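Q: Please take a close look at one part of this model and follow its connections outward. Keep it brisk, and give the values as you go.

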Amino acid sequence: MIVTDGELEIMCFAQPLNYLEENELLETIYCLDVSDLVKSELSEYRIEKLDDNFSYSFLGQLIDKRDEKVRVGGLLLELDYNIPGDINKGDFISFNCQRLDIY
């Protein structure tokens, strides 16, 4: 399933798919197998598609450290990763993930 905020877009795994085309996604998108997470000096949103089907590299803003939530443009992601202690709410981070899921 393709999810977009009108500018950025990603392909997510969804099984079962409970949305119709043009529906607004209200839930977070789950990032599985997160790796290479670091604090970024850049303050911008960026998505880069990697080689595997659902894998991406992201640059976004940490909005909830306890629940590992990151905003990338108009998309809200939840990471399966414990955010390191030197990264705080409001910081921009970059990371990779192997799969994006919608439940």
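A: Ile63 sits in strand β7. The model is predicted. The relative accessible area of Ile63 is 28%, so this residue counts as partly exposed. Beyond its neighbours within four places in sequence, Ile63 is in contact with Lys69, Val70, Arg71, Leu76 and Lys89. Asn88 is a further reference point: 25 residues separate it from Ile63 in sequence, while the C-alpha atoms are 8.7 Å apart in space.

Now the strand itself. β7 covers residues 56–64. Strand β10 pairs with β7, and the two run antiparallel, joined by six bridges. Within this pairing, Leu59 of β7 has Ser94 of β10 as its bridge partner.

Ser57 is another β7 residue. Its relative accessibility is 18%, and because the cut-off for buried is under 20%, Ser57 counts as buried. The side chain of Ser57 makes a polar contact of 3.1 Å with the side chain of Asn96. Setting aside residues up to four places away in sequence, Ser57 touches Arg46, Ile47, Glu48, Leu50, Phe95 and Asn96.

Next in sequence is Phe58. Again leaving out neighbours within four places, Phe58 is in contact with Ile10, Arg46, Ile47, Val72, Leu77, Ile93, Ser94, Phe95, Cys97 and Leu100. Arg46 and Ile47 are also among the residues that Ser57 touches. A general point about strands applies here. In a regular strand, side chains alternate between the two faces of the sheet.

Phe58 leads into the nonpolar core. The largest such core has 25 residues. Ile10, Phe58, Leu79, Phe95 and Leu100 are the members that touch the most others. Several elements give two or more residues to this core: β4 (29–32), β7, β8 (69–72), β9, β10 and β11 (99–102). Of the core members just named, Ile10, Phe95 and Leu100 appear in the contact list of Phe58.

Back to the partner strand. β10 spans residues 92–97. Five of its six residues are buried, so β10 is largely enclosed by the rest of the structure. Strand β5 (residues 35–39) also pairs with β10. That pairing is antiparallel too, with three bridges. Here the bridge partner of Lys39 is Ile93 in β10.

Lys39 also has a side-chain link. Its side chain meets that of Asp91 in a salt bridge, at 3.5 Å from N to O. This pair connects distant parts of the chain, 52 residues apart: Asp91 is in the loop between β9 (75–79) and β10, and Lys39 is in strand β5. The partners differ in exposure class. Asp91 has a relative accessible area of 17% and is therefore buried. Lys39, at 45%, is partly exposed.

The structure holds four salt bridges. Another of them joins the side chains of Arg66 and Asp67, at 3.7 Å from N to O. Arg66 counts as exposed, with 69% relative accessibility. Asp67 is partly exposed, at 26%. A further salt bridge forms between Asp101 and Arg99, where the closest N and O atoms are 2.7 Å apart. Asp101 is buried, at 3% relative accessibility. Arg99 is partly exposed, at 32%.

Last, the cysteines. A disulfide is a covalent bond between the sulfur atoms of two cysteines. The cut-off used here is a sulfur pair within 2.5 Å. By that rule the count is zero disulfides. Cys12 is in none: the nearest cysteine sulfur, that of Cys31, lies 8.3 Å away. Cys12 is buried, at 1% relative accessibility. Cys31 is in no disulfide either, and for it the nearest cysteine sulfur is that of Cys97, 4.1 Å away. At 1% relative accessibility, Cys31 also counts as buried. Cys97 brings the account back to β7, since it is one of the residues in contact with Phe58.

Conventions:
Residues numbered from 1 in each chain as written. Predicted model: local features only at pLDDT ≥ 70, side-chain atom pairs only at ≥ 80, totals over all residues. Heavy atoms only, no water. Buried < 20%, exposed > 50% of the residue type's maximum accessible area, 1.4 Å probe, protein only. Helix = DSSP H or I, 4+ residues; strand = E, 2+ residues; numbered from the N terminus. Pairing = 2+ DSSP bridges. Contact = heavy atoms within 4.5 Å. Core = buried A, V, L, I, M, F, W, Y, C linked by side-chain atoms within 4.5 Å. Polar contact = N/O pair within 3.5 Å; in protein donor to acceptor, adjacent residues only side chain to side chain.
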